[in-house]
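Biologist: I have not seen this structure before. Please take me through it and give the reason behind each term you use.

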Amino acid sequence: KHLPFFTPASLSPDGEPEYFNALDLLTPTDLQNYGFIPEMIGRIPVTAALSALTQPLLLRVLTEPRNSLLAQYITLFSLSGIELRFTTPALHKVAANAFTMGTGARALRTEMETILSDAMFEAPGSSVKFVLVTEAVASRKEKPIYLARGQGARFHSLIAAEESRWEEQMLREKREKNKDKENVTNSSHASNFQEYRSRAAA
């Protein structure tokens, strides 16, 4: 079960990688053999090995905790009577951008500040009642979408349109993955003896 080296990530059923790091089995004796003095080791009662956060984990950090970054910004805008919404593709893009920075969960705040810095100054005290962050906004191709009072229907229709496009894209990718798996399984098995011999000869 435990290997004496770091094993690469293996995907679990819910799509998150499971890591095993040999440092999880670290004991105080190992630290002493490495060169730490016993007086210092005695002051470290607990040791823990850390792994880099993946994109799905960054997305969970952004959205799931009770006091998540997303909840903080939504609350901040709601104090000025503004409804802030991120579409699902926008959240995935924020997590992807943070992942490319390579600085862990702190990159999420950098991304959120970069995307919302203009909106935080322009929207409060104005006629803006809705702020929408789409995938294009998270990609920095556009500015956040501002909508005034009475434009709630347009606000919700924009969200629904982007969410439906995202769902279609996910279904398409899932179908393509299933087709690729079927092609791999079909190509790996010979249908008759002649095909088997021709493959073996090649």
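Modeller: Val128 stands opposite Ala148 in β5. This is a predicted model, and that pair is one place to begin reading its sheet.

Biologist: How do you know that β4 and β5 pair, and in what sense?

Modeller: Two strands count as paired if there are at least two bridges between them. β4 and β5, the latter covering residues 145–148, have four bridges, and the sense is antiparallel. Another bridge partner in β5 is Tyr146, which goes with Val131.

Biologist: What makes the pairing in the sheet mixed?

Modeller: The open sheet has three strands in the order β3-β4-β5. β3 and β4 pair in the parallel sense over four bridges, whereas β4 and β5 are antiparallel. In general, strands of a sheet pair through backbone hydrogen bonds, in either a parallel or an antiparallel way. Across the parallel pair, Phe86 stands opposite Val133 in β4.

Biologist: Why are β3 and β5 called edge strands?

Modeller: Within the order β3-β4-β5, β3 and β5 each pair on one side only. From one strand to the next the twist averages 20 degrees.

Biologist: What makes you say that β4 is largely enclosed?

Modeller: A residue is buried when its relative accessible area is under 20%. Five of the six residues of β4 are buried, so the rest of the structure largely encloses this strand.

Biologist: Which residues have the most contacts inside the largest nonpolar core?

Modeller: They are Phe77, Leu84, Phe86, Val94, Leu116, Val131 and Val133, in a core of 27 residues. The elements that give two or more residues to this core are α3 (55–63), α4 (69–78), β3 (83–86), α5 (88–101), α6 (106–122), β4 (128–133) and α7 (135–138). α6 gives the most, with six residues. Apart from this core lies another, of five residues, among them Phe130, Leu132, Phe155 and Ile159.

Biologist: What is Val94 in contact with, beyond its neighbours within four places in sequence?

Modeller: Contact requires heavy atoms within 4.5 Å. With those neighbours left aside, Val94 is in contact with Leu62, Phe86, Leu108, Glu111, Met112, Ile115 and Ala138.

Biologist: Glu111 is in that list. Why does Glu111 count as buried?

Modeller: The limit for buried is under 20% relative accessible area. Glu111 has 2% relative accessibility, so Glu111 counts as buried. This residue lies in helix α6. Not counting residues up to four places away in sequence, Glu111 touches Val94, Asn97, Ala98, Met101, Ala138 and Arg140.

Biologist: How do you know that the buried residues of α4 are on the same side of the helix?

Modeller: The buried residues in α4 are Leu69, Leu70, Tyr73 and Phe77. They cover an arc of only 100 degrees around the axis, and therefore lie on the same side of α4. What covers them includes α3, β3, α5, α6 and β4.

Biologist: What is there to say about the phi of Arg140?

Modeller: Most residues other than glycine have a negative phi. Arg140 has a phi near 65 degrees, which is positive, and is not a glycine. Its place is in the loop between α7 and β5.

Biologist: Is Arg140 buried, partly exposed or exposed?

Modeller: Partly exposed lies between the 20% and 50% limits. Arg140 has a relative accessible area of 43%, so Arg140 is partly exposed.

Biologist: Why is Gly104 also placed in the partly exposed class?

Modeller: Gly104 has 25% relative accessibility and therefore counts as partly exposed. Gly104 is in the loop between α5 and α6. Leaving aside neighbours within four places in sequence, Gly104 is in contact with Leu53 and Leu58.

Biologist: What class does Gly42 fall into?

Modeller: Exposed means over 50%. Gly42 has a relative accessible area of 61%, so Gly42 is exposed. Gly42 lies in the loop between α2 (38–41) and α3.

Biologist: How confident is the predictor in this chain?

Modeller: The average pLDDT is 84, and 85% of the residues score at least 70. Over residues 1–7 the pLDDT is below 50, and this stretch has 12 contacts in the model beyond near neighbours in sequence.

Methods. Residues are numbered from 1 along each chain as its sequence is written. This is a predicted model: local features need pLDDT of at least 70, side-chain atom pairs count only at pLDDT 80 or more; totals for chains, interfaces and linings use all residues. Side-chain values use heavy atoms; hydrogens and water are left out. A nonpolar core is a set of buried Ala, Val, Leu, Ile, Met, Phe, Trp, Tyr and Cys residues joined through side-chain atoms within 4.5 Å. Buried means under 20% relative accessible area, exposed over 50%, partly exposed in between (1.4 Å probe, protein chains only). The arc is that of the directions from the helix axis to the C-beta atoms. Axes are lines fitted to C-alpha atoms, for helices over the stretch in contact, and angles run from 0 to 180 degrees between N-to-C directions. pLDDT is the predictor's confidence in each residue, from 0 to 100.
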